[in-house]
Amino acid sequence: MNYHMDQLMEAASIDIVKEKVTAALKEEGFGVLTEIDIQATMKKKLDKNYPPMLILGACNPVFADKVLTIDPNMTAMLPCNVSIRQLPDGKFEVSAIDPEAAMVPVGKEEIKPLAREVRERLAKVIASLA
């Protein structure tokens, strides 16, 4: 099973891609709780040059509540990461974690349908970016 879903995009900057991704997430009930700028972090911490790269911590509070009600330890699996990275050809790859691949191995039967529905919503987000 693949652990992520991705889509290539052409855009003038990572900020434009981030705006489109954030808007698409909002359409599916997700907000962005966190943002990690990998390029800036690696430069600051290791003095290494990375291409533009962001990790957005996306959360749908309704689904997060349902999952945490079943198993509070699932906090380790939240939020759902969506990454944006610039490729050598200048295009951007948007990639989202597949919640089924991440959560189903935990073995809680009650979580499987929730993970499937979150996967479907994230897949719509990724597909909408084409």
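F30, A58, C59, N60, F63, A64, V67, L78, P79, C80, M103 and V118 line the largest cavity of this predicted model. Among the elements, β3 and α3 (61-70) are those that give two or more residues to that lining, and α3 supplies the largest share of it, namely three residues. In character, the lining of the largest cavity consists of eleven nonpolar residues and one polar residue, with no charged residue taking part. The volume of the largest cavity comes to about 90 Å³, and the count of cavities of 30 Å³ or more is one.

Turning to the open space, the largest pocket holds about 250 Å³. Its lining is made up of 16 residues, and those that lie nearest the centre of the largest pocket are I55, N81, S83, S95 and I97. Three strands, β3 (53-59), β4 (80-86) and β5 (92-97), each contribute at least two residues to the lining of the largest pocket. Here the lining residues divide into ten nonpolar, four polar and two charged.

The table sets out the two spaces by volume and by the character of their linings.

| Space | Volume | Lining residues by class |
|---|---|---|
| Largest cavity | about 90 Å³ | eleven nonpolar, one polar, no charged |
| Largest pocket | about 250 Å³ | ten nonpolar, four polar, two charged |

Which strand appears in both descriptions? The strand β3 gives two or more residues to the lining of the largest cavity, and β3 also supplies at least two residues of the lining of the largest pocket.

Terms used
Residues numbered from 1 in each chain as written. Predicted model: local features only at pLDDT ≥ 70, side-chain atom pairs only at ≥ 80, totals over all residues. Heavy atoms only, no water. 1 Å grid on protein atoms, 1.4 Å probe; cavity = no way out; pocket = protein on both sides within 12 Å on 5 of 7 lines; lining within 4 Å. Points joined across faces, edges and corners; volume = space filled by probe spheres on them. Helix = DSSP H or I, 4+ residues; strand = E, 2+ residues; numbered from the N terminus. Nonpolar A, V, L, I, M, F, W, Y, C, P; charged D, E, K, R; others polar.
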